[in-house]
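Q: I am new to this structure and would like a close look at a single part of it. Could you take chain B and describe, step by step, how it is put together and what it touches?

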Amino acid sequence: MTSLLQARRLSRAAYGAMWSLPLPVWLAGFFLGPMVLLIWLSFWDVKNFLLTPDFQLENWQKILTAGYFWSAYARTAAIAASAAALATLVALPCALAISFFLSPRARMVLLGLFVVPFFTSYLVRIYSWQIYLTENGIVMKLMAAIGIETGSLLNTPLALMIGLVTLTLPLVIVIQSISLLSLDRTLIDAAYNLGCGPRRVLFATVLPAARPGIVLGALFAFIFSFGDFVTATYLGGGKFTTLSILIADTVKSGQQWPRAAVVALMMIATLLLTALASIAYAYRRT
Amino acid sequence: MAKNNLTRRGLLKTSAMAAGALAIPMIARAQSVTEMTMLAWYGQAEPDAVAEFEELHNVKITPKYYVGGEQMLALLAQSPAGTYDLIHADAEYVQQLVRANFVEKLDPADYPFDDFYPEFHKFPGHWHDDELYAVISRFGFLGISHNLDAVSVKEAMSYDMLWDAKHHDKVGHFDWHLPNLGVLSLRNGNAQPYDISGGAWDKLQETTLSLKPQVRGFYDYGGVLSSLKSGEVTVMPGIGEWITGVLRRDGANVTTTIPEQGGIQFTESFSIGRGSRKAELARKFIQHASSPAGQYNLANLNVFPAIIPSQAGWERMIAEKPEDARHLGMFKGDGNAIDLIRKGRIHIRQLPVQQDLGDWNDFWSAYKSA
């Protein structure tokens, strides 16, 4: 009898292990492994355009003392933070409407539509924005038709924001909507019963309760914008050097993969810290 | 009711015979067609460049494209000898190919140098210790490329126009430091734009940084084409007919002017890869590319047009494509491409002599980030 119970327990443990296994395997193979390789690579040397295993600190010293690295770092952080804030602000009314004012059917259709942009290549979407924003492009002609003369909007901060919001907005709306839809509606009823007006219900009840979703949406927008290369290159014209552009330049010039690894590791460290801080804030007890 | 006589064994046998019969032409073709590999700048091994040779010699050229000489060197460094039969490279990188032992020596007698203009009989970058390692295929000049609706040829005769207030936010850069810093070095009066002292290098950095407020953007090949065509930028230093020639085919009103301070020459060439097992075929390819017919073809490649060193090729261009020949500088008389070289207005693009290439790279990153 005891051995039968033991066998059952063992079988249950094996069954549990089978389902648990993919996660550590995936993490080890696709995150920890490449991360260790990246850290190791950052100490290598490049001799005659060939990567040479080594252990030298020169790559770290070179990048961390380069003024252009820190200006690109500050610019990238500022652009990503602006894009995250903009996407969050634009997404919030949409998510509120989807969650509270639409019928379940209309809600499903609209949320489905927000997934549709992911069916198209992001690069193609950015190229099509070029047609709108370029010199004598559609936007410039429309503005001229109503008597407003504008120059080309390409390679401007506005173009950068348009590109990054194109990338992040659908995801932010979906995350915010899921968060708002899972909100306990009795809290809202209670707030109304206690005499709160719509504005107070929104700011004192709905938004605080939906904080995890709003913060996580902004975090994802920040992460995507921080590492984006396409918008900075094709809508920013390479004029606003971001860390992704710096990585591409570093590899292009002299095949400096180890220095590019240093830049990449700095980006990863920044994103990890940002993610940890955001999650701590999102789930902080008030 | 008809009896079905098709047994499983019969079906398998018939299928095998049919598959074999279908495969025979492919097998026969695969046996007769020789494959040759070419490491080349993008677009240089497309059908318009190689189809004629492929047909003549029953060969299939498989390209591996690169963007930038340093990427080419890295690809070679990471591949075993013999990986690439043909190497298409810019002159400034041929010396590095030789030093790294990536290319075979060539016999000058194999190639029609007599037909080439004398300037290319012993082109400096292609020879090392009096031995030939690369044969020039075509070349071009880099100066100021501009939209003629916004900038006249007269105006573009000086690099100083780049700082003109009316071109604020209308200056574009091809995103590569060598041609840009080369022409700005000429603007600073350096007779040897890439062989400059520490003081001249400091001055060049200062000059370049002062241009940044005028700059609209930094572009790759596609971006250069679209920004000049759309009018997003009206003027670009350090590029040439390799861009404006392509745009003109598409109806754009653009050209390239070599300012009085001078221009930079880029030079393409072919070499045979070290350890190639198709060296004889590669030699035939270079001979074909150097022949008048091959040269005429190379002048008109779809990827971009360029000047050719063959005098017979010039004659044919002038006779058959006079307008393209004129824009490229292949015409008789004063001011043609060879005349500009002879007058000393053209300087060969090369790697920095007194500074490390890394210093120029780092400065370019700093400039973009400024």
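A: **Chain B and its contacts**

In this predicted model, the contact between the two chains takes 23 residues from chain B and 23 residues from chain A. On the side of chain B that touches chain A, the elements giving two or more residues are helix 3 (69–77), strand 8 (215–219) and helix 14 (357–369) of chain B. Helix 14 of chain B gives the most to this side, with seven residues. Sorted by class, the residues of the side of chain B that touches chain A are nine nonpolar, nine polar and five charged.

Turning from the partner chain to chain B itself, one finds a division into domain 1, made of 21–137 + 267–325, and domain 2, made of 140–265 + 345–369. The C-alpha centres of domain 1 and domain 2 of chain B lie 28 Å apart, and eight residues of domain 1 of chain B are in contact with 11 residues of domain 2 of chain B. The side of domain 1 of chain B that touches domain 2 of chain B has five nonpolar residues, two polar and one charged.

Next come the strands. Strand 1 of chain B, residues 34–41, pairs in the parallel sense with strand 2 of chain B, residues 59–66, over eight bridges. Between strand 1 and strand 2 of chain B the chain crosses through helix 2 of chain B, residues 47–57, and this β-α-β crossover is right-handed. Strand 1 of chain B also pairs in the parallel sense with strand 3 of chain B, residues 86–90, here over two bridges. Leu39(B) is a useful residue to follow by eye: its bridge partner in strand 2 of chain B is Lys64(B), while in strand 3 of chain B it stands opposite Ile87(B).

A pair of helices completes the picture. Helix 9 of chain B, residues 279–290, and helix 10 of chain B, residues 292–299, pack at an angle of about 75 degrees, with their axes 4 Å apart. Angles of 65 to 115 degrees count as roughly perpendicular, and helix 9 and helix 10 of chain B are therefore roughly perpendicular to each other. In this contact, His288(B), Ala289(B) and Ser290(B) of helix 9 of chain B meet Gly294(B), Gln295(B) and Leu298(B) of helix 10 of chain B. The residues of the contact of helix 9 with helix 10 of chain B divide into two nonpolar and four polar, with no charged residue among them.

Note on methods
Residues are numbered from 1 along each chain as its sequence is written. Chains are lettered from A and ligands numbered from 1 in the order in which they are written. This is a predicted model: local features need pLDDT of at least 70, side-chain atom pairs count only at pLDDT 80 or more; totals for chains, interfaces and linings use all residues. Two strands pair if DSSP finds at least two bridges between them. A crossover is right-handed if, with the strands pointing away from the viewer, the path from the first strand over the helix to the second runs clockwise. Axes are lines fitted to C-alpha atoms, for helices over the stretch in contact, and angles run from 0 to 180 degrees between N-to-C directions. Angles under 35 degrees count as roughly parallel, over 145 as roughly antiparallel, 65 to 115 as roughly perpendicular and the rest as oblique. Two residues are in contact if their C-beta atoms, placed from the backbone, lie within 7 Å. Ala, Val, Leu, Ile, Met, Phe, Trp, Tyr, Cys and Pro count as nonpolar, Asp, Glu, Lys and Arg as charged, and the others, Gly among them, as polar. Domain bounds come from an automatic or database domain assignment.
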